[in-house]
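Hi everyone, thanks for making time for this. I'd like to walk you through a structure that may be new to you, so let's bring it up on the screen.

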Amino acid sequence: MTETRVETTVYDFHTHSFHSDGALLPIELIRRVIVAGYEAVGITDHASPGNLRSVIDALVADCRLAEEHWDIRAIPGVELTHLPPAAIAEIAAEARRLGAEIIIVHGETPTEPVIAGTNLAAARCPEVDILAHPGAIDVDLARLAASNGLHLEISAHRGHGLGNGSVVAAAREAGAPLLVNSDTHQPGDILTFSMARRVALNAGLSEEEVEQVLRRNPRHLLEKIDGRRIGRSSIAV
Ligand SMILES: [Zn+2]
Ligand SMILES: [Zn+2]
């Protein structure tokens, strides 16, 4: 990779295709993020038990095709959304069995009536990779999430991003890893590196923290996803 590519690479683990409420076919979303400078994209459609299998099958097929032909990490996943908190761990495990490579929980954003206890159920569940837009959280929740290997999300989404200040404050005190995700639903939501950087700085991160959040943390999560892929393929053999 050239120096230019490294400097402007985007990692984004939270996007939606039309298999939930996004506008694009997964393969079109992948094509468009390549043009925007992405090295990795997670496609994480809203899911509940009723659509879990069909969403994962559809995303796996397009992500595989993209990775065979193009220079992109395309990661099929789900965003578990508005579920009863007591059911989250079991449904996350089922998503993993069905082939989800990344599992996000739709956290307690200030802009929707997400049931209280959702953040806690996600933070307790090591199968969950990212607690998205958790809204106003405290340091104990951030610490619990980090201890179970979750990343917390700084959201570029116009509504969910209202909680970013609280997320940064709690994560900083807890030493919990943060990511910037777009939560893309429409083509115009796709990030560029400079937009991701602006979102991070406006959420209150220092220059040094931006480096950590836009580069090192995403690479760490990619390594975790790679490790699971290797585990799966050795089981298949
Ligand atoms: Zn969400
Ligand atoms: Zn989302």
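Let's begin with two histidines: His106 is buried, and His133 is buried as well. Before I go on, please keep in mind that what you see is a predicted model.

So what do these two histidines hold? Together with Glu79, they coordinate the zinc ion (ligand 1). Glu79 does so through OE, His106 through ND1 and His133 through NE2, at 1.9 to 2.1 Å. If you follow the donors of this zinc ion (ligand 1) along the chain, the spacing reads E-x26-H-x26-H. His106 sits in strand 4, residues 102-106, while His133 is in the loop between strand 5 (130-132) and helix 6 (139-147), so this pair ties together parts that are 27 residues apart in sequence.

Now, there is a second metal here. How far apart are the zinc ion (ligand 1) and the zinc ion (ligand 2)? They are 3.2 Å apart, and Glu79 coordinates both.

Which residues coordinate the zinc ion (ligand 2)? You will find His14 and His16, each through NE2, Glu79 through OE, and Asp183 through OD, at 2.1 to 2.2 Å. Both His14 and His16 are buried. Along the sequence, the donor residues of the zinc ion (ligand 2) are spaced H-x1-H-x62-E-x103-D. The four donor atoms around this zinc ion (ligand 2) subtend angles of 84 to 173°, and therefore the arrangement is irregular.

Let's leave the metals and turn to some helices. Take helix 7, residues 164-174: Asn164, Val167, Val168, Ala170, Ala171 and Ala174 are buried there. What covers the buried residues of helix 7? The cover includes helix 6, strand 6 (151-155), strand 7 (178-181) and helix 8 (193-202). Just after helix 7 comes Gly175, with a positive phi of about 70°.

Helix 8 has its own buried residues, namely Phe193, Ala196, Val199 and Ala200. Are they on the same side of helix 8 or on opposite sides? They cover an arc of only 125° around the axis, which means they are on the same side of helix 8. Here is a handy piece of background: an α-helix has 3.6 residues a turn, so residues three or four places apart point the same way. Just after helix 8, Gly204 also takes a positive phi, of about 105°.

My last topic is charge. As a reminder, side chains of opposite charge can pair when their charged atoms come close. How many salt bridges does the structure hold? The count is 15, and I'd like to show you three examples.

We'll start with Arg73, which you can find in strand 3, residues 73-80. Arg73 forms a salt bridge with Asp226, and their closest N and O atoms are 3.0 Å apart. Since Arg73 belongs to strand 3 and Asp226 to helix 9 (residues 207-236), the pair ties together parts that are 153 residues apart in sequence. Is Arg73 buried or exposed? Arg73 has a relative accessible area of 17%, so it is buried. Asp226, with a relative accessible area of 30%, is partly exposed. Leaving aside neighbours within four places in sequence, Arg73 has contacts that include Glu39, Ala40, Val41, Glu67, Leu222, Ile225 and Arg229, as well as Asp226.

The next example is a salt bridge between the side chains of Arg172 and Glu209, at 2.8 Å from N to O. This pair links distant parts of the chain, with Arg172 in helix 7 and Glu209 in helix 9, 37 residues apart. Arg172 is partly exposed at 43% relative accessibility, and Glu209 is partly exposed at 23%.

For the last example, look at Glu207 and Arg197, a salt bridge whose closest N and O atoms are 3.0 Å apart. Glu207 lies in helix 9 and Arg197 in helix 8, so the pair ties together parts that are ten residues apart in sequence. Glu207 is partly exposed, with a relative accessible area of 49%, and Arg197 is partly exposed too, with 28%.

One more thing before we finish. Which residues do salt bridges with shared partners join into one network? They are Glu67, Arg73, Glu101, Asp226 and Arg229, and with that we are back at Arg73 and its partner Asp226.

Thanks for listening, everyone!

Terms used:
Residues numbered from 1 in each chain as written. Chains lettered and ligands numbered in written order. Predicted model: local features only at pLDDT ≥ 70, side-chain atom pairs only at ≥ 80, totals over all residues. Heavy atoms only, no water. Helix = DSSP H or I, 4+ residues; strand = E, 2+ residues; numbered from the N terminus. Contact = heavy atoms within 4.5 Å. Donors = N, O, S within 2.8 Å, 3.2 Å for Na, K, Ca; no water. Buried < 20%, exposed > 50% of the residue type's maximum accessible area, 1.4 Å probe, protein only. Arc of directions from axis to C-beta. Tetrahedral: all angles 85-135°; square planar, octahedral: opposite > 155°, others 65-115°. Salt bridge = Lys/Arg side-chain N within 4 Å of Asp/Glu carboxyl O.
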